[in-house]
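Thanks for making the time today. I would like to walk through one model with you, going from the whole chain down to single residues.

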Amino acid sequence: TGYDDGTIRARLERADGALIVRIKVQSPSQLQSALAGSYDMPQTAGLEQLCLASNAVVGFAGPDYAVRPTSVETRQGIPLTEKISGRDALVLIDMSGEMHVYGPSGAEKGCRDHGDNIYQAMSVPHALVINGIVQAGPRQDETKAYLAFGQKQDGEYVLMYAEKTVSELAQRMLEAGCMNAALMGEQGVYTCFGDLTRFTFTGDENVSNILYFATLRGAGRSNP
């Protein structure tokens, strides 16, 4: 199952109990974000509702900043907050669309090194793969349904939803070709391919924010 309109290509795969979406975009600006409310007054809305309102081809729940007293959040190049806790990992997407992942000890340096070149940034529960090296899992590494977000060396983004331990998920993301990947949490993924096929992997849960991939072809998501 897939979608391709010349500006975005998305493929849905199922392998070894995992659901995988591979996304390749023409422009880094196609990775967008949307809030259910505002950053200062967070609200929640259904994952599918937010994705439809944003005209997403592929959308997924972002980390819930509303429950984090300290976090790093930048959306579309606009810094919302930079309160580094020393406990969370960090995902940065730079202005060229390249993903960088830092563990808790490297988050502050990552923000400093990239500075005004940060397009999207978010504190996340755990780093999975950093520069091709699988990171150790948490001390209590339970099997749960997790969502991971990563990027291959050729720029292709990878979303994986699977019921595994964090360590197992990290290995799977490496095997999927990711040079950098992070655990987003226990949220879902929504895909809309041509308004014909919709998959909401974990149900229409309420979320405070989403990240999504959009087409450059106006409002259309229909199959070419």
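I will begin with the overall figures, then take the sheet, the cores, one loop residue and the cysteines.

Please keep in mind that this is a predicted model. The protein chain has three helices and 20 strands, and of its 224 residues, 53% are buried. If we take the contacts between residues at least 6 apart in sequence, 70% of them join residues that are at least 24 apart. The accessible surface comes to about 9800 Å², with 45% of that belonging to carbon and sulfur atoms.

Turning to the sheet, we find eight strands in an open arrangement, with antiparallel pairing, in the order β1-β2-β3-β15-β14-β16-β12-β13. At the edges stand β1, residues 2-4, and β13, residues 133-134, and because each has a single partner strand, one side of each is left without a neighbour in the sheet. For β1 that partner is β2, residues 8-15, which runs antiparallel to β1 and is joined to it by three bridges; within this pair, Gly2 stands opposite Arg11. Helix α3 packs on the sheet, where it touches β2, β3, β12, β13, β14, β15 and β16, and its direction makes about 145° with that of β15.

Now to the interior. The largest nonpolar core has 31 residues, and those with the most contacts inside it are Ile23, Val58, Phe60, Phe149, Leu159 and Phe213. Strand β3, residues 18-25, provides the largest share of this core, namely four residues. Apart from it lies another core, of 17 residues, which includes Ile20, Tyr146, Val158 and Met173. As for Leu159, if we leave out residues up to four places away in sequence, its contacts include Ile23, Val58, Phe60 and Phe149, and also Ile20.

A residue I would like to single out is Thr165, which sits in the loop between β15, residues 157-164, and α3, residues 166-175. Is Thr165 buried or exposed? Its relative accessible area is 12%, and because that is under the 20% cut-off, Thr165 counts as buried. Again leaving out residues up to four places away in sequence, Thr165 touches Asp141, Glu142, Thr143 and Tyr146.

Finally, the cysteines. How many disulfides does the model contain? With a limit of 2.5 Å between cysteine sulfur atoms, the count comes to zero. Cys51 is buried, with a relative accessible area of 0%, and Cys111 is buried as well, at 6%.

Methods:
Residues numbered from 1 in each chain as written. Predicted model: local features only at pLDDT ≥ 70, side-chain atom pairs only at ≥ 80, totals over all residues. Heavy atoms only, no water. Buried < 20%, exposed > 50% of the residue type's maximum accessible area, 1.4 Å probe, protein only. Core = buried A, V, L, I, M, F, W, Y, C linked by side-chain atoms within 4.5 Å. Helix = DSSP H or I, 4+ residues; strand = E, 2+ residues; numbered from the N terminus. Contact = heavy atoms within 4.5 Å. Pairing = 2+ DSSP bridges. Axes fitted to C-alpha atoms, helices over the stretch in contact; angles between N-to-C directions. Areas by Shrake-Rupley, 256 points an atom, 1.4 Å probe, with all protein chains shown as cover.
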